[in-house]
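Here's a quick tour of a small model, starting from its surface and ending with its fold. Have the coordinates open as you read.

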Amino acid sequence: HGFLAAGLGALSFLRTVRVDLVGYLFGDILSVTSQDVWVIWSAALFGLAAMAAIDFYLYGRFRRAGWL
């Protein structure tokens, strides 16, 4: 987040460039399509499944080794 803040701060000092900084900071909820929502949910579910698989794999190895 620090680099985003630094970039937006530097961008605000440029006199020749006019950009809607509020759009970069907060986005526009009305521009989100149903396909965007499906992609976000799919990525979230994939991430959760990957974390669960890694946790199951590591927990099983630690448990077999007697560490847990």
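The accessible surface of the protein comes to about 6500 Å² (Shrake-Rupley method, 1.4 Å probe; for residues, only the protein chains shown count as cover), and carbon and sulfur atoms own 70% of that surface. Keep in mind that this is a predicted model, where local features need pLDDT of at least 70, side-chain atom pairs count only at pLDDT 80 or more, and totals for chains, interfaces and linings use all residues. Residues are numbered from 1 along each chain as its sequence is written, and side-chain values use heavy atoms, with hydrogens and water left out.

Of the 68 residues, just 3% are buried (under 20% relative accessible area; exposed is over 50%, partly exposed in between). The overall dimensions go like this:

| Quantity | Value |
|---|---|
| C-alpha span along the principal axes | about 65 × 30 × 10 Å |
| Radius of gyration of the protein (over C-alpha atoms) | 21 Å |
| Radius of gyration of a compact globule of 68 residues (2.2 Å times the number of residues to the power 0.38) | near 11 Å |

As for the fold, there are three helices and zero strands (DSSP runs: H or I of at least four residues, E of at least two, numbered from the N terminus). Helix H3 has 32 residues, and its end C-alpha atoms sit 46 Å apart, in agreement with the 46 Å expected at 1.5 Å a residue (times one less than the number of residues). After H3 comes glycine 66, with a positive phi near 85 degrees.

Valine 32 lies in the loop between H2 (21-26) and H3 (34-65), and counts as partly exposed because its relative accessibility is 39%.

Note on methods:
Buried < 20%, exposed > 50% of the residue type's maximum accessible area, 1.4 Å probe, protein only.
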